[in-house]
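Colleague: I would like to learn how to read a model like this one, feature by feature. Could you take me through it?

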Amino acid sequence: MFGPDKCGATNKVHFILKHKNPKSGEYVEHHLKYPPSLPSDKLSHVYTAILKPDNELSILIDGEEKKKANFFSAEDFEPPLIPPKTIPDPDDKKPEDWDERAKIPDPSAVKPDDWDEDAPMEIEDEEAVKPEGWLDDEPEEIDDPEATKPEDWDDEEDGEWEAPKIDNPKCETAPGCGEWKRPMKRNPAYKGKWSPPLIDNPNYKGIWKPREIPNPNYFELDKPDFEPIAAIGIEIWTMQDGILFDNILIAKNEKVAESYRETAWKPKFEVEKEKQKAEEEAAGLDELAGFQKKVFDVLYKVADIPFLSKYKLQILDLIEKAEKQPNLTIGVLVSFVVIVLTVFSKLIFGGKKQPRVEKKPEVAETSNDQGSSGEKAEEEEKEETAAAPRRRRRDT
């Protein structure tokens, strides 16, 4: 299977080889890894796959090579064309006494006598004093004196009418209104639920894995076993119009494809470009559209970088939204920078959190138009939201 696929977050030029395993007789689909993305415009484009005698694959878009791969490289196809020599033994079972725990609770640890598990996390701050001028008898909000009952209000149907609330003007200059309560503070005696410390497990044997056995379906080949092409099938699944395709060519010489590309596709492509440019100039969008196209082209190329593969769907989804709403271009750039910085920080720092310190304790060518830790967390959360003296509410 070969050709463009753009749907939602999917944006790639597929290359899938269905290859027969000579040992098992089973046909397996091998997908090209990190395939190139499609151009971001609405012009006609030609896609070329060149299958070379040295087992190399080359993917071209508009005659420019966008992807090179080797059929026998595990880095280029998933699953690899050549299966592994060994496989996990399906009959191997983990021994019952196999201990995979690297750490265990210290069996000799004893809870200290002064450890109070019932002590609350927060207590009232006895040293707190009500601010001078606090208006205890004034509510934070009052009925709007300027509000009037609507003429069409029906008490039987609409219920008893109540005036909307506004901030109490008397609270504007006061430190607060309503009943004053002492704020809460962290209880120095709080320790939470006690649990024994962890120690190295003397019986730790590591993570168990089944033993490896020879793969009965392993084989070696000098060249992929390409079966004869008997027919061409076109798979289309779309919910939009404006998708056209023509000029499907299969040849044994890439020069034939190159010549046909220059005579059948390029003239049409140049006419489409000129027409699009004229329309953009007429609409006054030429400069902006040109800038956006360059941005999208760069982002599509960056999305194909292998080390960003984990984030490729996010990047393509952002580009897809920006293409539909051009005013989002700047936001897309900002989001993209955030993603890239996240990746780089993980590469530099290993993607690990800093430890928390605890207090003790063949050529195919087509063209187309694209259309206990729990309590610690609780404690931290409550510290951040510890109650302060109650003050009037202000909307900002």
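Modeller: Gladly, and let us start with a pair of residues: Leu57 has Ala69 in E6 as its bridge partner. The model is predicted, so to speak of local features we need pLDDT of at least 70, and side-chain atom pairs count only at pLDDT 80 or more, while totals for chains, interfaces and linings use all residues. Residues are numbered from 1 along each chain as its sequence is written, and side-chain values use heavy atoms, with hydrogens and water left out.

Colleague: What do labels such as E6 stand for, and how many helices and strands are there in the chain?

Modeller: Helices (H or I, at least four residues) and strands (E, at least two) are DSSP runs, numbered from the N terminus. The chain has six helices and 17 strands.

Colleague: How do I read the pairing of E5 and E6, and how many bridges join them?

Modeller: Two strands pair if DSSP finds at least two bridges between them. Strand E5 (residues 56-61) runs antiparallel to E6, and six bridges join the two. They form a hairpin with two residues between the strands, where Asp62 takes a positive phi near 55 degrees.

Colleague: Which other residues have a positive phi without being a glycine?

Modeller: Asn55 is one of them, with a phi of about 70 degrees. Asn55 sits in the loop between strand E4 (44-51) and E5. Asn247 is another non-glycine residue with a positive phi, near 55 degrees, and its place is in strand E16.

Colleague: Are those two asparagines buried or exposed?

Modeller: The scale first: buried means under 20% relative accessible area, exposed over 50%, and partly exposed in between (1.4 Å probe, protein chains only). Asn55 is buried at 12%, whereas Asn247 is partly exposed at 31%. Across the chain, buried residues make up 29% of the 396 residues.

Colleague: Which strands make up the open sheet, and in what order?

Modeller: The general idea is that side chains in a regular strand alternate between the two faces of the sheet. Here, four strands form an open sheet in the order E1-E2-E3-E7, with antiparallel pairing. E1 and strand E7 (77-78) stand at the edges with a single partner strand each, so one side of each has no neighbour in the sheet. E1 is joined to strand E2 (residues 10-20) by six bridges, and Asp5 stands opposite Lys12 in E2. Lys6 is found in E1 (residues 2-7) and is partly exposed, with a relative accessible area of 24%. The C-alpha atoms of Lys6 and Thr238 are separated by 9.5 Å, although the two residues are 232 apart along the chain.

Colleague: How do I read aromatic contacts, and how many aromatic pairs are counted?

Modeller: Rings of Phe, Tyr and Trp (its six-membered ring) pair if their centres lie within 6.5 Å; planes under 30 degrees apart count as stacked, over 60 as edge-to-face and the rest as tilted. The count comes to six aromatic pairs. For Phe15 and Phe71, the ring centres are 6.1 Å apart and the planes stand at 55 degrees, so this pair is tilted. Phe15 lies in strand E2 and Phe71 in the loop between strand E6 (64-70) and E7, so the pair ties together parts that are 56 residues apart in sequence. Phe15 counts as buried at 8% relative accessibility, and Phe71 counts as buried at 1%. One aromatic cluster is formed by Phe2, Phe15, Phe71, Phe77 and Phe226.

Colleague: And the cysteines: which of them form a disulfide?

Modeller: A disulfide is a covalent bond between the sulfur atoms of two cysteines. The rule used here is a pair of cysteine sulfur atoms within 2.5 Å, and it gives a count of one disulfide. That disulfide is formed by Cys171 and Cys177, with their sulfur atoms 1.8 Å apart. The torsion about the S-S bond of Cys171 and Cys177 is about -125 degrees, so the disulfide is left-handed. Cys171 is buried, at 0% relative accessible area, and Cys177 is buried at 0% too. Cys7, in turn, is partly exposed at 37%.

Colleague: Last one: where is the cis peptide bond?

Modeller: The peptide bond from Glu78 to Pro79 is cis, with omega near -10 degrees. Pro79 is found in the loop between E7 and strand E8 (86-88).
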